[in-house]
Amino acid sequence: RELQQSTNEIISIQGEIIGEKEKAIPFASISICGSNKGTIANEEGLFQLSLQKPSSSIQITASSLGYFSDTITILDFTSPLKIRLKECITTLQIGRA
């Protein structure tokens with residue numbers, strides 16, 4: 001599915017990736033669903049992504065090692081985003097030989 005573009009206007013999607021305790025998640029991955037566009041958050045969990053303004057909403061996915069991925073739909077391209085990821089706790093079981 002390709003992003004439908006209504007104009008040549010460039011928009012900037014900005015936001016922050018945080019954990020459940022409002023702590024920044026550094027270097028999280030952000031990608032636009034249905035395209036090859038994406039970016040990486042900085043060490044403070046902040047990101048910015050420029051693209052041509054779509055004619056409708058878009059979906060972005062945020063992910064980071066140790067957290068569940070989250071996909072959100074963006075309707076308002078003017079407000080900064082705050083994406084909260086939930087921690088994924090796994091138990092490593094070590095067997096004895």
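**Note on the sheet, the salt-bridge network and the core**

1. Strand 5 and strand 6 run antiparallel to one another and are paired through five bridges. This is a predicted model, and the points below should be read as a description of that model. The two strands make a hairpin with six residues between them, and in the turn Gly-66 has a positive phi of about 90 degrees. Two of the facing positions can be named: Ala-62 is opposite Asp-70 in strand 6, and Thr-61 is opposite Thr-71 in strand 6.

2. The hairpin belongs to an open sheet of four strands, whose order is 3-2-5-6 and whose pairing is antiparallel. Strand 3 (38-40) and strand 6 (70-74) are the edge strands, and each has a single partner, so one side of each has no neighbour in the sheet. From one strand to the next, the twist averages 20 degrees. On the side of strand 5 that has not yet been described, strand 2 (residues 29-32) pairs with strand 5 in the antiparallel sense over four bridges, and Ile-32 is found opposite Ile-60 in strand 5.

3. Thr-61 deserves a closer look, and it lies in strand 5, which spans residues 58-63. Is Thr-61 buried or exposed? Its relative accessible area is 17%, and because buried means under 20%, Thr-61 counts as buried. Besides standing opposite Thr-71 in strand 6, Thr-61 is joined to Thr-71 by a polar contact of 2.7 Å between the two side chains. Once residues up to four places away in sequence are set aside, Thr-61 touches Ser-29, Ile-30, Ser-31, Cys-33, Ser-69, Asp-70 and Thr-71.

4. In the loop between strand 5 and strand 6 one finds Ser-64, which has a relative accessibility of 19% and therefore counts as buried. When neighbours within four places in sequence are left aside, the contacts of Ser-64 are Ile-25, Pro-26, Ala-28 and Leu-85.

5. The salt bridges come to two in number, and they form a network that links Glu-22, Lys-82 and Arg-84. As background, side chains of opposite charge can pair when their charged atoms come close. Between Lys-82 and Glu-22 the closest N and O atoms are 3.8 Å apart, and this pair links distant parts of the chain, with Lys-82 in strand 7 (residues 81-84) and Glu-22 in the loop between strand 1 (5-18) and strand 2, 60 residues apart. Between Arg-84 and Glu-22 the closest N and O atoms are 2.2 Å apart. Arg-84 lies in strand 7 and Glu-22 in the loop between strand 1 and strand 2, so this second pair ties together parts that are 62 residues apart in sequence.

6. How accessible are the members of this network, and which of them counts as exposed? Lys-82 does, at 52% relative accessibility, since exposed means over 50%. Glu-22, with a relative accessible area of 44%, is partly exposed, and Arg-84, at 39% relative accessibility, likewise counts as partly exposed.

7. The backbone of the loop between strand 1 and strand 2 has two residues that a reader may wish to inspect. Glu-22, which lies in that loop, has a phi near 65 degrees, a positive value in a residue other than glycine. Phe-27 is found in the loop between strand 1 and strand 2 as well, and its phi is near 60 degrees, again a positive value in a residue other than glycine. Phe-27 is exposed, with a relative accessible area of 54%.

8. The largest nonpolar core has 19 residues, and those touching the most other members are Ile-13, Ile-17, Phe-47, Ile-60 and Ile-83. At least two residues of this core come from each of strand 1, strand 2, strand 4 (46-54), strand 5 and strand 7. For Ile-83, with neighbours within four places in sequence left aside, the contacts are Glu-16, Ile-17, Ile-18, Phe-47, Ile-60, Ala-62, Asp-70 and Ile-72. Of these residues, Ile-60 in strand 5 has been met above as the position opposite Ile-32, and Ala-62 as the position opposite Asp-70 in strand 6.

Terms used
Residues are numbered from 1 along each chain as its sequence is written. This is a predicted model: local features need pLDDT of at least 70, side-chain atom pairs count only at pLDDT 80 or more; totals for chains, interfaces and linings use all residues. Side-chain values use heavy atoms; hydrogens and water are left out. Buried means under 20% relative accessible area, exposed over 50%, partly exposed in between (1.4 Å probe, protein chains only). A polar contact is a pair of N or O atoms within 3.5 Å; within protein, one must be able to donate a hydrogen and the other to accept it, and residues adjacent in sequence count only if both atoms are side-chain atoms. Contact means heavy atoms within 4.5 Å. Two strands pair if DSSP finds at least two bridges between them. Axes are lines fitted to C-alpha atoms, for helices over the stretch in contact, and angles run from 0 to 180 degrees between N-to-C directions. A salt bridge is a side-chain nitrogen of Lys or Arg within 4 Å of a carboxyl oxygen of Asp or Glu. A nonpolar core is a set of buried Ala, Val, Leu, Ile, Met, Phe, Trp, Tyr and Cys residues joined through side-chain atoms within 4.5 Å.
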